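Got the model open in your viewer? Here's a short tour, one selection at a time.

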Amino acid sequence: VATDVATSSQSIRTVADGTLHDCQIVSLDRTIAVGDRGLILMSVNGGKNWTVQRNRFDDALYEVHFDNEFDGCVVGGSIEPYTHRSKGTILLTNDGGNTWQSVDTQLPRLLGLRSFGSRHLIAWGDWSVLYQSALFESFDRGQTWSSIPIPCGPLRSIAVNKSDNLDAKVSMLIVDRLGRCYTTVDRQTFQ
């Protein structure tokens, strides 16, 4: 990925190495992309120019979601080299992606993220021995998380169908890493 970095007197063309995993168009001009080694790129002119948004680190970032032009969440993580422990990464912004704050978490590596309202997020990824799940939910825009019990191990993907009726139950489909699908209406019984 090539980016233009502006200095006080000139524009320097640099290369931000790493595979991009996800992107979101936040507004007409603003787009955020995330990828390997903590890469967060932002364009404020419809993708013509890109800037690296924060210092790079070892964890991959897999998914980005913005509820509006300002409030965003990024999830990712890594597998520690010697212990093979899965370690999650969660980053939050409230200024459109100009700055990002890391959330202190003991969650495993998170590979996906969905939003179900302005503060309601669901993330999934590796199995957590501590939480006995691979599916997690936040009601405060990603600052704190709780586990959702599931009948399988690490997850590949989820889909949720929720009607506009506030009293309607959420139906959920989860797909584990072996390709098995499970559905639930009440989050207690999976088929």
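Start by selecting His65 and Cys73: Cys73, in strand 8, is the bridge partner of His65. Before moving on, some ground rules: this is a predicted model, where local features need pLDDT of at least 70 and side-chain atom pairs count only at pLDDT 80 or more, while totals for chains, interfaces and linings use all residues. Residues are numbered from 1 along each chain as its sequence is written, and side-chain values use heavy atoms, with hydrogens and water left out.

Now widen the selection to strand 7 (residues 60–66) along with strand 8; the two pair in the antiparallel sense over six bridges. Strands here are DSSP runs of E, at least two residues, numbered from the N terminus, and two of them pair if DSSP finds at least two bridges between them. A hairpin of five residues takes you from strand 7 to strand 8.

Add strand 9 (residues 86–93), which runs antiparallel to strand 8 and is joined to it by eight bridges. Zoom in on Gly77, which stands opposite Gly88 in strand 9. Six residues lie between strands 8 and 9 in their hairpin, and His84 in that turn has a positive phi of about 60°. Is strand 8 enclosed or open? Seven of the eight residues in strand 8 (72–79) are buried, so the rest of the structure largely encloses it. Buried means under 20% relative accessible area (1.4 Å probe, protein chains only).

Next, go to strands 3 to 6: these four form an open antiparallel sheet in the order 3-4-5-6. Strand 3 (20–25) and strand 6 (51–52) are the edges, each with a single partner strand, so one side of each has no neighbour in the sheet. Between them, pick strand 4 (residues 31–35) and strand 5 (residues 40–43), paired over four bridges, with Thr31 opposite Ser43.

For the largest nonpolar core (buried Ala, Val, Leu, Ile, Met, Phe, Trp, Tyr and Cys joined through side-chain atoms within 4.5 Å), select Ile122, Leu135, Ile150, Cys152, Leu155, Ile158 and Ile174, which touch the most other members among its 13 residues. Strands 12, 13, 15 and 16 each give two or more residues to this core. Apart from it lies another core of twelve residues, including Cys73 and Ile90.

Last stop: Glu137, in strand 13. Glu137 is buried at 7% relative accessible area, and a 2.6 Å polar contact (N or O atoms within 3.5 Å, one able to donate a hydrogen and the other to accept it) joins its side chain to that of His120.

Terms used:
Buried < 20%, exposed > 50% of the residue type's maximum accessible area, 1.4 Å probe, protein only.
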